[in-house]
Amino acid sequence: METELTNTPGKPSGTVLPYVGVACLGAILFGYHLGVVNGGLEYVAKDLGITENTVLQGWIVSTLLAGATVGSFTGGALADKFGRTRTFQFDAIPLAIGGFLCAIAQSVHTMIIGRLLAGIGIGVTSAIVPLYISEISPTEIRGALGSVNQLFICIGILAALVAGLPLAGNPIWWRTMFGITVIPSLLLALGMAISPESPRWLFQQGKVSEAQKAIKTLYGKERVALVMRDLTAASRGSSEPEAGWFDLFSSRYWKVVSVGAALFLFQQLAGINAVVYYSTSVFRSAGIASDVAASSLVGASNVFGTIVASSLMDRQGRKSLLIASFSGMAASMLLLSLSFTWNVLAPYSGTLAVLGTILYVLSFSLGAGPVPSLLLPEIFPSRIRAKAISLSLGTHWISNFVIGLYFLSVVNKFGISIVYLGFSTVCFVAVLYIAGNVVETKGRSLEEIERALCLAT
């Protein structure tokens, strides 16, 4: 059990923001590496001589996701053993080397190795960025700061799309697109070298004086005694060591762990990546021929929705945003499905398809996108937090990989309308699951959240 780090009345929390910003360099790299290959793959294929080999092109795309799966499972264990900031510094190594290898690649093998290393790097950041932010954020703005993680992922994706603009006039620009990732990777390592470690992790390791120093840096010297008293009181109820992997599946923790895994599973099975993959064709059917215009509109919608979500997170609450988000996604997917099949809507099919796509992305960015990575560090007890986040994110990456691998095959077999109808059904089921299993965490200490979950088991 543990007590939340709250602000004393009138005490500003501004000193936390620079360190949240440093952590979000990892989120930017996360989004950028996901998006950079979308615009550049055609030019990569030409340069490496694999234009006709779609299998190797698929490997260049999917190797990142395979690496991310490995990274997500190892990130939590590294964060528990070495601390949050040191793990960030370790993680900058595969991120920088991966980007560099992709930039200089003269063969498919080098490109794939670079993508694998970059994938491992973003897998680790997907686990430790929300973990670190949640552990240093004051209660009353924890939701807003936590959603900043998703916002910077969206900004990273949008930056990758914008970075591809010069490709039409400069076919080897793709090398620069990959190479520039080395810079934020190095900045992440340098920034974390001067950022405070999580006071909770330090206290749990028995490093009391270092925890006091971190608290002073994050919240000011006036709060050191108060926060240390809270941490000491929280530790009295639990002297248990860090949990092992098998503990996550025990009756004590499985319900809360399953909620985390289910949220990420619903997030992916609801079709977000499929919508992004198919958005170009949808926009073309409406007369928008530019791939860049279509992708940029989707990316901008995602960023705008996430900014709105950030402002609502600590007012409306996590659970209500999740329900509203998945409800909007279900309705949007239904609209997309009908726009492809109902003859009566044929004259408006292109417009409805574009409207449905934008509404879907906006709905996703209001809750299903930012909330899971924020909610998980809040609902997991400190003993299992890092490993449980890694397990949940492993579910995310595996499902992401499978959808990316089989989506087009399923569309070819059943048709896009049926597939979108299936996504709509998944979103509706997610609403029912969230209503019955997710607890509201807005304005509640981690201790209160854990008690509520224990009572619900």
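At what angle do helix α2 and helix α3 pack, and how far apart are their axes? I opened the notebook with this pair, keeping in mind that the model is predicted. I found that α2 (residues 54-82) and α3 (residues 84-104) pack at an angle of about 125°, with axes 7 Å apart. Angles over 145 degrees would count as roughly antiparallel and 65 to 115 as roughly perpendicular, and α2 and α3 are therefore entered here as oblique to each other.

I next looked up the handedness, and α2 passes α3 in a right-handed crossing. On the α2 side I listed Gly-75, Leu-78, Ala-79, Asp-80 and Phe-82, which meet Arg-84, Arg-86, Thr-87 and Phe-90 of α3. Sorted by class, this contact has 4 nonpolar, 2 polar and 3 charged residues.

I then went to Ser-390, which lies in helix α17 (residues 385-414). Is Ser-390 buried or exposed? Its relative accessible area is 0%, so I noted Ser-390 as buried. Leaving out residues up to four places away in sequence, I found Ser-390 touching Ser-72, Phe-73, Gly-75, Gly-76, Ala-127 and Trp-245; Gly-75 had already appeared in my list for α2 against α3.

My last entry concerns the nonpolar cores. The largest has 96 residues, of which Val-257, Phe-326 and Phe-380 touch the most other members, and helix α4 (residues 108-136) gives the most to this core, with 10 residues. For Phe-380, setting aside neighbours within four places in sequence, I recorded contacts with Val-256, Val-257, Gly-260, Arg-385, Ala-388, Ile-389 and Ser-392. Apart from the largest core lies another, of 22 residues, including Ala-105, Val-108, Met-111 and Phe-178.

Definitions and conventions:
Residues are numbered from 1 along each chain as its sequence is written. This is a predicted model: local features need pLDDT of at least 70, side-chain atom pairs count only at pLDDT 80 or more; totals for chains, interfaces and linings use all residues. Side-chain values use heavy atoms; hydrogens and water are left out. Axes are lines fitted to C-alpha atoms, for helices over the stretch in contact, and angles run from 0 to 180 degrees between N-to-C directions. Helices (H or I, at least four residues) and strands (E, at least two) are DSSP runs, numbered from the N terminus. Angles under 35 degrees count as roughly parallel, over 145 as roughly antiparallel, 65 to 115 as roughly perpendicular and the rest as oblique. A crossing is left-handed if the near helix is turned anticlockwise from the far one by less than a right angle, and right-handed if clockwise. Contact means heavy atoms within 4.5 Å. Ala, Val, Leu, Ile, Met, Phe, Trp, Tyr, Cys and Pro count as nonpolar, Asp, Glu, Lys and Arg as charged, and the others, Gly among them, as polar. A nonpolar core is a set of buried Ala, Val, Leu, Ile, Met, Phe, Trp, Tyr and Cys residues joined through side-chain atoms within 4.5 Å. Buried means under 20% relative accessible area, exposed over 50%, partly exposed in between (1.4 Å probe, protein chains only).
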